[in-house]
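Got your viewer open and a selection box ready? Let's walk through this one stop by stop.

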Amino acid sequence: MDKFLIPTSPNKNFESIKKTDENGVEYWDARELMPLLDYSRWENFEQVIIKAREACFNNKQEVDNHFLEVTKMVAIGSGARRKTKEYRLSRYACYLIAQNGNPSKKAIAQAQTYFAIQTRKQELFQIATGD
């Protein structure tokens with residue numbers, strides 16, 4: 001059995017779309033994450049978000065701390081703008097979305113591997129530092 005998992009995309013792209021709010025808290029916009037996970041329709045991706053929110057709730061986490069629903073203005077034809085639903089996602093929310101996505105999508109399988117590796121790195125760090 002291989003000793004190492006080799007991370008592939010979306011790790012670089014995932015980190016490149018990370019944002020930081022005015023309090024220094026990192027987050028990801030769901031609509032920017034969606035194409036990285038190979039979803040082209042918001043309606044399909046939102047179903048994955050709903051499942052991930054349910055997992056978050058069942059883990060007794062404050063859902064709004066990880067899946068903050070916001071309204072964003074987007075440009076539509078002829079320079080007009082309209083409101084659209086968006087989620088600000090924590091890293092934990094992105095992890096849950098990857099876990100609840102369609103594993104037949106290569107990007108989802110890669111994201112699952114990425115988060116498995118990140119989790120293991122954190123475990124090893126905690127062992128090394130005694131935390």
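The tour below goes from the sheet to the helices on it, then to the aromatic rings and the cysteines. Keep in mind that this is a predicted model.

**Stop 1: the sheet**

Switch to cartoon and pick out the strands. You should find 4 of them in an open, antiparallel sheet, ordered β1-β2-β4-β3. Colour β1 (19-20) and β3 (67-75): these are the edge strands, and each has a single partner, so one side of each has no neighbour in the sheet.

Now go across the sheet pair by pair. Between β1 and β2 (residues 26-29) there are 2 bridges, with the strands antiparallel; select T20 and you'll see E26 of β2 opposite. Moving on, β2 and β4 are also antiparallel and joined by 2 bridges. Here the residue to click is W28, which faces L89 in β4.

The pairing of β3 with β4 has 9 bridges, again antiparallel. One handy marker is E69, whose bridge partner in β4 is Y87. Follow the chain round from β3 to β4 and you go through a hairpin with 5 residues between the strands. Stop at S78 in that turn and check its backbone: phi is positive, about 60°.

**Stop 2: helices on the sheet**

Add residues 91-100, helix α5. This helix lies across β2, β3 and β4 and runs at about 90° to β4.

**Stop 3: helix α6**

Select 106-129. That's α6, with 24 residues and 35 Å from first to last C-alpha, close to the 34 Å expected at 1.5 Å a residue. Which residues of α6 are buried? Show A107, I108, Q110, A111, Y114, F115 and I117 as sticks, and you have them. A bit of helix geometry helps when you look at the spacing: an α-helix has 3.6 residues a turn, so residues three or four places apart point the same way. Just past the end of α6, G130 has a positive phi of about 75°.

**Stop 4: aromatic rings**

Show the rings of Phe, Tyr and Trp. The whole structure holds 9 aromatic pairs. Zoom in on F14 and F115: their ring centres are 5.4 Å apart and the planes meet at 80°, so this pair is edge-to-face. F14 sits in helix α1 (residues 11-16) and F115 in α6, so the contact ties together parts 101 residues apart in sequence. Both rings belong to buried residues, with relative accessible areas of 3% for F14 and 6% for F115.

Next, jump to W42 and Y87. Their ring centres are 6.2 Å apart, with the planes at 25°, so they count as stacked. W42 comes from helix α3 and Y87 from strand β4, so this pair links parts 45 residues apart in sequence. W42 is buried at 11% relative accessible area, and Y87 is buried at 3%.

To finish this stop, select F14, W28, Y92, Y95, Y114 and F115 together: they form one aromatic cluster.

**Stop 5: the cysteines**

Last selection: C56 and C94. How many disulfides are there? The count is 0. C56 is in none, and its nearest cysteine sulfur, in C94, is 12 Å away. Why doesn't C94 bond to C56? That 12 Å gap between the sulfurs is too far for a bond. Turn on a surface and you'll see that C56 is buried, with 0% relative accessibility, and that C94 is buried too, at 2%.

Key. Residues numbered from 1 in each chain as written. Predicted model: local features only at pLDDT ≥ 70, side-chain atom pairs only at ≥ 80, totals over all residues. Heavy atoms only, no water. Disulfide = S-S within 2.5 Å. Buried < 20%, exposed > 50% of the residue type's maximum accessible area, 1.4 Å probe, protein only. Expected span 1.5 Å × (residues − 1). Pairing = 2+ DSSP bridges. Contact = heavy atoms within 4.5 Å. Axes fitted to C-alpha atoms, helices over the stretch in contact; angles between N-to-C directions. Phe/Tyr/Trp six-rings, centres within 6.5 Å; stacked < 30°, edge-to-face > 60°.
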